[in-house]
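Let's take a walk through this structure together, one region at a time. Keep the 3D view open as you read.

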Amino acid sequence: MNKQVWMNAAKAKGFREFEIYEQRNTSTSISVYEQKVDSYSISDCDGVALRGIYNDKMGSCFLEEVDDDKIEEILDQMIQNASIITSDDEVKILAPAKEYPVIKKQKNVLLETENSLKIQKLKELEECLQQMDSRISQVMATSYGEAKGKRSIVNTKGMNLCDEDSNAYVVVEVLAKDGEDAKSAYDWIYLKDLNELDVTSFATNLCNKVISKLHADTIESGDYPVLMEKDAMTSLLEALCGLFDGENAYKGISILKDKIDSQIFDSKINIQDNPLMEDGINSVAFDDEGVACFTKEIVKDGVLKTYLHNTKSADLMKTVSTGNGFKNGYGGIVGISPTNFYIENGQSTYEDMMKNIKKGIIVTSITGLHAGLNPISTEFSLQSEGFYVENGHIVKPINLFTIAGNFMDIMQHILFVGNDLKMGMSGIGTPSILFEKIAISGK
C-alpha cells in the first residue's frame, strides 16, 4: 500500500483530511495434554482502517486487503458513507503530539525460540504436576500462547506513527481429587524467555493452591471481615473499570458522574493508569487516535482525580484526551480502555493482614460477575471460594457461600491494603485488601 498515493488521491477527491490506520497481528497457540500436542494453531489478522472528512462528515472504510488500483472506487464509497451521516457531532483527525514517550521493554526472545522447545517445557510442567501429589488426578490444560502486533497511523496532518509489541504466557489448569471430593484451580505466568519459567516452583504453587481447596466446609451467614485476595479483587476491579470511563460519566451511566475531586474511596486507595510501565502488559506510547500516552492518577488518597478519555469524551466534558482511545481490532470504533490500570500497593503484608482477623473470611476466587454484579449501581452478589479464619489462622477451606454488598460502600471501609500487587492478564491489577465487613450468605 502506497500511503502517500492514497492521501494525495483523497485530497484530490475533496477530503479535507484523511487517515490510514494499519494493524498486523500474528498469534500462536499450543496446548499439551497427556504428553501429546493437543492443539497447535497460528493465526494472522491484518487490516487497514481508512477514514476521511468530507463536507464535515467522517467517511470510513475497513479493508483486509488493500489494492492501490481500487483507490478511486474505495474513496467514492467513503464519500457515499459520509453523505449518509446525519449527526452534527464535530469530527476531527488529529495532528501529532509534540513528542511521544519511549517505552522500556525487555526483548521477547520467545519470538525467536523454536516451538519444539516451548512444547518440551509444557510437557515438563505437565509431568511435574502429575508427579507432585497423588491427589492431582488430572492436568486438564497446559497451554502456551504468544501474540505479536504492529500498528501504524499516518494522516494528512503530519502524523506518522508506528509501534510493535508482543507477549507470551503459559496457563495451566489442574484437577485434584481426594475420595469423592474434587476441586480445580489454574495459574498463569507472563514470559519473555523460557528460562523465566521455574517449572518446579510454578507446579508447587499451583499444586498447593488446588489441594488447599479440598474438603471445603460451609460457613454460617453473617457480616465478616473479608480479606479479598489479589486475584479475586482484580476480577472485581476489572468488571467495574467502566466506572472511570469518561463517556459513561458524561451519559450518567457511571455512578461517578460529577464526582471529580470528591472522596469516593477510603483514603488508603490510590489508583493509577500507567501506559509507561516498564514491561507492562499494556504499555504503549500512543493510543489509536495518535494521542501521546502518559501516566494518570485516577484516584489519589481516595479522591477521584480524573476519568479516562478519548477525544470524543474529552470534547463532551470540555477537557483533553488522556490517551485512552483504543479500538477492539482495526475495524472497531475508538472506545475508551485502560492501559496498565491498578490499585497501588499498601504497606501491609498478607500475613499481617491475616493476623488482624479474629473471625473472618479470605476470598480467593469469585464467579458470576456478569450475572451477579450491576456495573451501574455496583451492587454485587457473587458466588465465592476461600477460607475461614480465626485468630489469624486458617481453620478450614469453605465454598458454597456468597458475598454481597455495594462496591462503592465496601471501598470506603478498608482496614488494610496489601503490598502484593499482581497485574492480571488483562493489564488490570490490585493487591489483596482487608475490608471491615462484607455480608456472607452461607448455610
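**A guided tour**

Let's start at a turn: E15 and E16 form a hairpin with two residues between them, and Asn 391, which sits in that turn, has a positive phi of about 50°. Keep in mind that you're looking at a predicted model. The two arms of the hairpin, E15 and strand E16 (residues 393–406), run antiparallel and are joined by eleven bridges. If you want a spot to check the register, find Ser 384, which stands opposite Phe 401 in E16.

E15 has another partner too. Strand E14 (residues 359–367) pairs with strand E15 (residues 379–390) over eight bridges, again in the antiparallel sense. Here Thr 367 is the residue standing opposite Gln 383 in E15. As general background, strands of a sheet pair through backbone hydrogen bonds, either parallel or antiparallel.

Now move to the earlier part of the chain. In what order do the six strands of the open sheet sit? Reading across, they go E3-E2-E1-E4-E5-E6, with antiparallel pairing. Strand E3 (57–63) and strand E6 (181–191) are at the edges and have a single partner strand each, so one side of each has no neighbour in the sheet. From one strand to the next, the twist averages 15°.

Zoom in on one pairing within that sheet: strand E1 (residues 17–33) and strand E2 (residues 36–54) run antiparallel, joined by 17 bridges. Ser 29 is a handy marker, as it stands opposite Ser 41 in E2. Two helices come in here. Helix H2 (residues 71–84) lies across E1, E2 and E3, running at about 135° to E3. Helix H4 (residues 199–211) also packs on the sheet, where it touches strand E4 (136–155), strand E5 (160–178) and E6, and its direction makes about 150° with that of E6.

Strand E4 is also home to Arg 151. Is this arginine buried or exposed? Arg 151 has a relative accessible area of 9%, so it counts as buried. Its side chain has a polar atom 2.3 Å from the backbone oxygen of Phe 286, and the side chain also reaches the backbone oxygen of Asp 287 at 3.4 Å. Leaving out residues up to four places away in sequence, Arg 151 touches a list of residues including Tyr 21, Glu 22, Leu 161, Asp 288 and Phe 326.

Tyr 21 turns up again in another setting: the charged end of Lys 327 sits over the ring of Tyr 21, 4.2 Å from its centre. A second lysine does something like this elsewhere, with Lys 422 lying over the face of Trp 188 at 4.7 Å from the ring centre.

Finally, the rings. There are seven aromatic pairs in the structure. One of them is Phe 15 with Phe 18, an edge-to-face pair at 5.7 Å centre to centre with 70° between the planes. Phe 15 is buried at 2% relative accessibility, and Phe 18 is buried as well, at 1%. Together with Tyr 54, Phe 15 and Phe 18 form one aromatic cluster.

Another edge-to-face pair is Phe 265 with Phe 407, at 5.9 Å centre to centre and 85° between the planes. Phe 265 lies in the loop between helix H6 (246–251) and strand E8 (271–273), while Phe 407 lies in helix H10 (residues 407–410), so this pair ties together parts 142 residues apart in sequence. Phe 265 counts as buried at 2% relative accessibility, and Phe 407 counts as buried at 1%.

Terms used: Residues numbered from 1 in each chain as written. Predicted model: local features only at pLDDT ≥ 70, side-chain atom pairs only at ≥ 80, totals over all residues. Heavy atoms only, no water. Pairing = 2+ DSSP bridges. Helix = DSSP H or I, 4+ residues; strand = E, 2+ residues; numbered from the N terminus. Axes fitted to C-alpha atoms, helices over the stretch in contact; angles between N-to-C directions. Contact = heavy atoms within 4.5 Å. Phe/Tyr/Trp six-rings, centres within 6.5 Å; stacked < 30°, edge-to-face > 60°. Buried < 20%, exposed > 50% of the residue type's maximum accessible area, 1.4 Å probe, protein only. Lys NZ or Arg CZ within 6 Å of the ring centre and 35° of its normal. Polar contact = N/O pair within 3.5 Å; in protein donor to acceptor, adjacent residues only side chain to side chain.
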